[in-house]
Amino acid sequence: LHAGGPYTDAKVKFTARLVARPFSPDTPVAAGFTFGDFDTALPNAKTIAETTSQLDDAGHAHTAVALPVKSDVIYGDVKVEAAVESSRGTWVANDASVAYAARDRFVGLRIKDWMQTAGKAFKVEYLVVDPAGQPAAGSAVELQLQRQTITRVRVKNGAGDFTPEEHVKWLTEDRCTAVSTNAPASCALTP
C-alpha cells in the first residue's frame with residue numbers, strides 16, 4: 001500500500017530465540033566485580049518458539065512466547081523477529097529484544113591480586129545483586145576457596161599395554177559464610 005495506510009491481511013512469521021550473554025551490570029556499586037564463570041563458553045542461542053499468523057485489519061499481529069522452565073541460559077536476551085510477506089512474495093523483517101534472567105540474584109567477586117601465596121590470607125570482596133544490578137541484601141553467601149588436583153597414571157590393561165588415566169578432584173582449602181548487605185563485603189581466605 002503506497003498511501004501510508006496499514007499493510008493488512010499478510011502472512012507473518014514470528015521467531016523467538018533465547019540468546020545468552022555474560023551478566024555484567026553497569027551500576028557503580030558493581031564496578032570491578034566479576035559475575036559468573038568466564039572460563040566457560042556461553043551456551044548457543046536457542047530457538048524457543050516459531051509461529052505463523054496473519055496481520056489484522058489494522059496491520060497488527062500478536063504472539064505469545066512461553067519461556068523454558070529449564071535452560072542452560074542464566075542471563076541473556078529474548079529476541080523476537082517478525083517477518084511479513086509482501087504482495088511480491090518477499091519478506092520484510094524487524095526484531096525486538098528484552099533482557100532475560102533465570103534467577104533473581106547474582107554473586108560477584110573481586111580480588112586485588114590474581115596470584116595468592118600459600119598460607120597467607122587474602123581478601124575476597126563479594127556483592128549480591130538483582131538482575132538490574134542493584135544490591136540484594138539478606139542473602140546467605142558461602143565462598144569456597146578450592147584447589148584442583150589432577151592425578152595421572154598409566155594402567156596396564158589385559159593386553160599388556162599401558163593406557164593413561166586421569167582423575168580430577170576439587171579440594172576445599174577454606175570457606176567463609178556471611179549474609180549479603182547493600183554494599184560490597186569481604187571475607188579472608190587462606191590457600
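This report walks through the empty spaces, the disulfide, the nonpolar core and a few single residues of one structure. Keep in mind as you read that the model is predicted.

## Empty spaces

Let's start with the gaps. Rolling a probe the size of a water molecule over the atoms shows where empty space is left. Here is how the spaces compare on paper:

| Space | Volume | Lining by class |
|---|---|---|
| Largest pocket | About 890 Å³ | 15 nonpolar, 6 polar, 4 charged residues |
| Second largest pocket | About 540 Å³ | 14 nonpolar, 2 polar, 6 charged residues |
| Largest cavity | About 30 Å³ | 5 nonpolar, 3 polar, 1 charged residues |

What lines the largest pocket? There are 25 residues around it, and those nearest its centre are Leu109, Ile111, Val124, Gln144 and Leu145. If you want to find this pocket by its strands, look at S6 (106-111), S7 (122-129) and S8 (140-156), each of which supplies at least two lining residues. Strand S8 is the top contributor to this lining, giving 6 residues.

On to the second largest pocket, with about 540 Å³ of space. Its lining has 22 residues, and Phe35, Gly36, Asp37, Ile74 and Arg103 sit closest to its centre.

Pockets aside, how many cavities of 30 Å³ or more does the structure hold? The count is 1. Its lining is made of Phe14, Thr15, Ala16, Ala49, Glu50, Thr51, Thr63, Val65 and Val80. Two strands, S1 and S3 (46-54), each give two or more residues to that lining.

## The disulfide

A disulfide is a covalent bond between the sulfur atoms of two cysteines. Searching the whole structure turns up 1 disulfide. The partners are Cys176 and Cys187, with an S to S distance of 1.8 Å. The angle about the S-S bond is -45°, and the link between Cys176 and Cys187 is left-handed.

Which parts does this pair tie together? Cys176 belongs to strand S9 (residues 162-179) and Cys187 to strand S10 (residues 185-189), so the bond links parts that are 11 residues apart in sequence.

Are these two cysteines buried or exposed? The cut-off for buried is under 20% relative accessible area. Cys176 has 14% relative accessibility, so it counts as buried. Cys187 comes in at 7%, so Cys187 is buried as well.

## The nonpolar core

In soluble globular proteins, nonpolar side chains tend to be buried together. In this model, the largest nonpolar core has 12 residues: Phe122, Val124, Tyr126, Val128, Ala136, Val141, Leu143, Leu145, Cys176, Ala185, Cys187 and Leu189. Strands S7, S8 and S10 each give two or more residues to this core, and S7 gives the most, with 4. You may spot some familiar names: Cys176 and Cys187 of the disulfide are both members of this core. Val124 and Leu145 appear here too, and they are among the residues nearest the centre of the largest pocket.

Tyr126 is a good core residue to click on. Leaving out neighbours within four places in sequence, Tyr126 is in contact with Phe33, Gly108, Leu109, Val141, Leu143, Ala178, Val179, Ser180, Pro184, Ala185, Ser186 and Cys187.

## Some single residues

One contact of Tyr126 is Ser180, found in the loop between S9 and S10. Is Ser180 buried or exposed? Its relative accessibility is 5%, so Ser180 counts as buried. Not counting residues up to four places away in sequence, Ser180 touches Tyr126, Val128, Ala136, Ala137, Gly138, Ser139 and Val141.

Now head to the segment before strand S1 (11-20), where you'll find Asp9. Its phi is near 60°, a positive value in a residue other than glycine. With 59% relative accessibility, Asp9 counts as exposed.

Last stop: Arg17, in strand S1. At 37% relative accessibility, Arg17 is partly exposed. Apart from its neighbours within four places in sequence, Arg17 is in contact with Ala45, Lys46, Thr47, Ile48, Asp77, Val78 and Lys79. How far apart in space are Arg17 and Thr149? The C-alpha to C-alpha distance is 39 Å, and the two residues are 132 residues apart in sequence.

Terms used: Residues numbered from 1 in each chain as written. Predicted model: local features only at pLDDT ≥ 70, side-chain atom pairs only at ≥ 80, totals over all residues. Heavy atoms only, no water. 1 Å grid on protein atoms, 1.4 Å probe; cavity = no way out; pocket = protein on both sides within 12 Å on 5 of 7 lines; lining within 4 Å. Points joined across faces, edges and corners; volume = space filled by probe spheres on them. Nonpolar A, V, L, I, M, F, W, Y, C, P; charged D, E, K, R; others polar. Disulfide = S-S within 2.5 Å. Buried < 20%, exposed > 50% of the residue type's maximum accessible area, 1.4 Å probe, protein only. Core = buried A, V, L, I, M, F, W, Y, C linked by side-chain atoms within 4.5 Å. Contact = heavy atoms within 4.5 Å.
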